[in-house]
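Here are a few exercises to work through with the model open in your viewer. Try each task yourself before you read the solution.

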Amino acid sequence: MSLLSFTAASVAAQIAHARGCSIFLPNWNGPVGKPALILIVGNGVHLRSNGIDGTTTRIVTTERADPSFAFADGIDPFRDVDWMAARQAAFRDLTGQFYTDILDDVQMLIDRGHDTIRLATDGHTIRVFARRAADYLIGGTYDVPSGLGGTFRVVLRDATDTHALVQNRGNCEDFDEMLPYRVPLDALIELDDRRAA
């Protein structure tokens with residue numbers, strides 16, 4: 001998993017542009033009828049509005065970029081000398097356009113005063129990464145998705161800005177005897193959080 005960071009002001013400008021349009025770029029499934037953000041991995045990595053307003057004839061491509069787009073920190077071809085290595089570290093050899101469904105979640109963070117928007121990606125999915133390691137209690141009890149459709153109860157042993165080291169506790173004996181393992185930090189579910197695993 002890689003984290004991409006964007007300045008909230010640059011993303012807010014793209015959201016405002018998208019919301020000011022009435023025509024939108026289609027996605028792979030056909031026409032789109034609402035504002036959205038598109039993540040472009042190509043000449044840098046940037047977020048841009050899906051809106052078409054007649055001020056530009058430029059179609060979204062991975063070959064060209066506009067300095068007004070919201071570029072990921074460290075992956076801006078207009079500013080960063082080593083942007084290609086940073087792009088490859090985050091996406092390997094993958095390039096393309098990703099229509100996202102993160103606009104409302106990102107707007108909520110902007111409205112709350114966040115100055116940086118962080119997105120987590122595994123190269124194929126993009127999601128908003130709102131919390132930091134300091135938001136979690138070392139030694140605290142959480143649930144994590146099991147990969148089998150349920151959750152495991154775990155104790156948090158350590159956390160970095162992207163991952164948590166957890167130990168199963170309170171499950172069946174075989175699972176609780178497993179060695180500690182890493183999960184994405186945002187996979188930790190607080191016990192009173194009812195979001196789906």
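**Exercise 1. Find how strand 11 and strand 12 pair, and in which sense.**

Solution. Strand 11 and strand 12 run antiparallel and share 5 bridges. Two strands count as paired if DSSP finds at least two bridges between them. Strands are DSSP runs of E with at least two residues, helices are runs of H or I with at least four, and both are numbered from the N terminus. For one point of register, look at Asp158, which stands opposite Leu165 in strand 12. The two strands are joined by a hairpin of 3 residues.

Before going on, note that this is a predicted model: local features need pLDDT of at least 70, side-chain atom pairs count only at pLDDT 80 or more, and totals for chains, interfaces and linings use all residues. Residues are numbered from 1 along each chain as its sequence is written, and side-chain values use heavy atoms, leaving out hydrogens and water.

**Exercise 2. Step back along the chain: which residue takes a positive phi in the hairpin of strand 10 and strand 11?**

Solution. Start with the pairing: strand 10 (residues 141-145) and strand 11 (residues 151-159) are antiparallel, with 5 bridges. Val144 has Phe152 of strand 11 as its bridge partner. Between the two strands lie 5 residues, and in this hairpin Gly147 has a positive phi near 85°.

**Exercise 3. Is His163 buried or exposed, and what does its side chain contact?**

Solution. First place the residue: His163 belongs to strand 12 (residues 163-168). Next, its relative accessibility is 13%, so His163 counts as buried; the cut-offs are under 20% relative accessible area for buried, over 50% for exposed and partly exposed in between, with a 1.4 Å probe and protein chains only. Then look at the side chain, which makes a polar contact of 3.5 Å with the side chain of Arg182. A polar contact is a pair of N or O atoms within 3.5 Å; within protein, one must be able to donate a hydrogen and the other to accept it, and residues adjacent in sequence count only if both atoms are side-chain atoms. Finally, the C-alpha atoms of His163 and Leu185 are 4.3 Å apart, although 22 residues separate them along the chain.

**Exercise 4. Work out the strand order of the open sheet of 4 strands, and what packs on it.**

Solution. The order is 6-4-3-7, with antiparallel pairing. Strand 6 (70-71) and strand 7 (96-99) are the edge strands, each pairing on one side only.

Take the pairs in turn:

- Strand 3 and strand 4 are antiparallel over 6 bridges, and they form a hairpin with 1 residue between them. Here Ile38 has Arg48 as its bridge partner in strand 4.
- Strand 4 (residues 44-49) pairs with strand 6, also in the antiparallel sense, over 2 bridges. Leu47 is matched with Ala70 of strand 6, and His46 with Phe71.

Now add the helices. Helix 1 (residues 8-19) packs on the sheet and touches strand 3 (37-42), strand 4 and strand 6, its direction making about 40° with that of strand 4. Helix 2 (residues 83-91) also packs on the sheet, touching strand 3 and strand 4, at about 115° to the direction of strand 3. Touching here means contact, that is, heavy atoms within 4.5 Å. The angles run from 0 to 180 degrees between N-to-C directions, with axes fitted to C-alpha atoms, for helices over the stretch in contact.

**Exercise 5. Why is strand 4 described as largely enclosed?**

Solution. Count the buried residues: they are 6 of the 6 in strand 4, so the strand is largely enclosed by the rest of the structure. In a regular strand the side chains alternate between the two faces of the sheet. On one side Gly44, His46 and Arg48 are buried, and on the other Val45, Leu47 and Ser49 are buried.

**Exercise 6. How many aromatic pairs does the whole structure hold?**

Solution. The search finds 4. One of them is Phe71 with Phe78: the ring centres are 5.7 Å apart and the planes are at 75°, so the pair is edge-to-face. Rings of Phe, Tyr and Trp (its six-membered ring) pair if their centres lie within 6.5 Å; planes under 30 degrees apart are stacked, over 60 edge-to-face, and the rest tilted. Phe71 is buried at 8% relative accessible area, whereas Phe78 is partly exposed at 46%.
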